[in-house]
Amino acid sequence: MRKFTTVHDIGDLKQALEKAQFVKQNPFADQDLGRNKTLLMIFFNSSLRTRLSTQKAALNLGMNVIVLDINQGAWKLETEKGVVMDGDKPEHILEAIPVMGAYCDVIGVRSFAQFQDKDYDYNETILNQFIQYSGKPVFSMEAATRHPLQSFADLITIEEYKKTARPKVVLAWAPHPRALPQAVPNSFAEWINATNYDFVITHPEGYEIDEQFVGKAKVEYDWRKAYEGADFIYAKNWAAYRHPNYGKIISTDRSWTVDSAKMALTNNAYFMHCLPVRRNMIVSDEVIDSPQSIVVPEAANRVVSAQTVLKEILKDNY
Ligand code: AN0
Ligand code: CP
């Protein structure tokens with residue numbers, strides 16, 4: 001594996017899940033693989049889980065780790081090509097990326113959608129520049145359109161908790177006061193579509209995600225029907241995708257908040273969320289504090305997904 005940005009990079013999904021189980025059960029089996037290899041993690045946006053779990057995964061593999069927060073202490077980076085740099089940005093990403101590549105063996109990048117230009121976001125302009133100019137294997141730590149380390153961890157978690165071969169998994173939109181990227185729902189849909197699960201996406205009208213991610217999922221605008229008989233409720237907010245509302249909040253309807261009444265419609269479903277989550281906006285205290293909430297084991301599996309991916313990258317490139 002030279003890059004990890006979508007579900008397609010992981011190869012056969014069943015084998016990837018088996019590799020993940022091995023990593024989970026034998027976290028220190030490959031301590032020599034990363035010896036004298038350096039992971040550089042670049043953050044254009046905030047993080048708690050990705051920062052800690054990816055670092056922990058690298059340490060388990062014997063790697064050294066350097067972390068750079070672009071917005072805290074680094075030069076502000078120009079990302080547009082061909083501009084006269086007479087503004088507030090002293091460095092261009094075209095020099096910064098190969099320089100960063102010179103200091104490491106593997107690069108992880110977090111760079112959210114900016115919601116100023118749909119094409120700029122959906123072409124993964126920043127992530128692709130890292131792939132093109134760093135000279136090193138690159139993996140996404142949530143880019144503009146996808147969050148594959150999260151989705152891989154989500155799938156590992158569902159496989160651990162599912163009680164039937166083909167669970168009903170529901171991606172459920174919930175309200176939020178700020179405009180959030182579509183990366184998590186896009187990516188979750190992309191990974192779940194690669195399984196044989198019964199997959200339903202529910203959201204208010206106007207919140208349709210890009211069709212390339214919807215795939216074979218059933219889109220259900222009536223949350224009652226979607227929640228009925230569900231085995232997993234995967235809650236998430238996202239901003240509108242479709243023109244002319246790209247990146248905008250078009251509803252904060254709290255009747256979509258995941259609460260006990262909704263969970264009562266399900267097949268005693270597990271509650272999942274990638275975190276961070278706003279309590280009593282996305283989900284009621286009662287639901288997230290209930291035994292059906294698996295948000296912490298889900299987050300713990302981020303070490304497993306990151307370690308499985310890093311291991312493949314190290315094995316294939318060094
Ligand atoms: C981000 C998002 O929704 O994409 C990161 C989630 C992992 N969340 C926030 O910005 C609150
Ligand atoms: N779920 C997730 O990626 O969390 P962070 O934004 O804290 O890394």
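**Close-up views of two ligands and a domain interface**

**View 1. A polar side-chain atom of Ser47 is 2.6 Å from an oxygen atom of ligand 2.** The structure shown is a predicted model. Leu48 also approaches ligand 2, here through a polar backbone atom that lies 2.6 Å from an oxygen atom of the ligand. On the side of Gln150, an N or O atom of the side chain is 3.0 Å from a nitrogen atom of ligand 2. The protein covers 94% of the 260 Å² of accessible area that ligand 2 has on its own.

**View 2. Ten residues are not drawn from one class in the shell around ligand 2, which holds three nonpolar, four polar and three charged residues.** Ser47, Leu48, Arg49 and Thr50 are among the residues that surround ligand 2. The shell also includes Arg110, His147, Gln150, Cys274, Leu275 and Arg302. Ligand 2 lies between domain 1 and domain 2, because each of these domains gives residues to its shell.

**View 3. Ligand 1 has Glu142 and Lys236 among the residues that surround it.** A polar side-chain atom of Glu142 is 2.7 Å from an oxygen atom of ligand 1. For Lys236, an N or O atom of the side chain lies 2.7 Å from an oxygen atom of ligand 1. Of the 330 Å² of accessible area that ligand 1 has on its own, the protein covers 82%.

**View 4. The shell around ligand 1 consists of six nonpolar, one polar and two charged residues.** Phe112, Leu180, Pro181 and Pro276 are among the residues of this shell. His147, Cys274 and Leu275 surround ligand 1, and these three residues are also found around ligand 2.

**View 5. The protein is divided into domain 1, comprising residues 3-146 + 301-317, and domain 2, comprising residues 148-298.** The centres of the two domains, taken over C-alpha atoms, are separated by 25 Å. At the interface, 35 residues of domain 1 are in contact with 36 residues of domain 2. The size of an interface is often given as the accessible area lost when the parts come together. Domain 1 and domain 2 bury about 2,800 Å² between them, with 66% of this area on carbon and sulfur atoms.

**View 6. Lys24 and Glu160 form a salt bridge.** The closest N and O atoms of Lys24 and Glu160 are 2.9 Å apart. Across the interface of domain 1 and domain 2, two salt bridges are found. Between domain 1 and domain 2 there are 14 residue pairs in polar contact, counted where both residues have pLDDT 80 or more.

Key
Residues numbered from 1 in each chain as written. Chains lettered and ligands numbered in written order. Predicted model: local features only at pLDDT ≥ 70, side-chain atom pairs only at ≥ 80, totals over all residues. Heavy atoms only, no water. Near = heavy atom within 4 Å. Polar contact = N/O pair within 3.5 Å; in protein donor to acceptor, adjacent residues only side chain to side chain. Areas by Shrake-Rupley, 256 points an atom, 1.4 Å probe, with all protein chains shown as cover. Nonpolar A, V, L, I, M, F, W, Y, C, P; charged D, E, K, R; others polar. Domains from an automatic or database assignment. Contact = heavy atoms within 4.5 Å. Buried area = accessible area lost by both parts, 1.4 Å probe. Salt bridge = Lys/Arg side-chain N within 4 Å of Asp/Glu carboxyl O.
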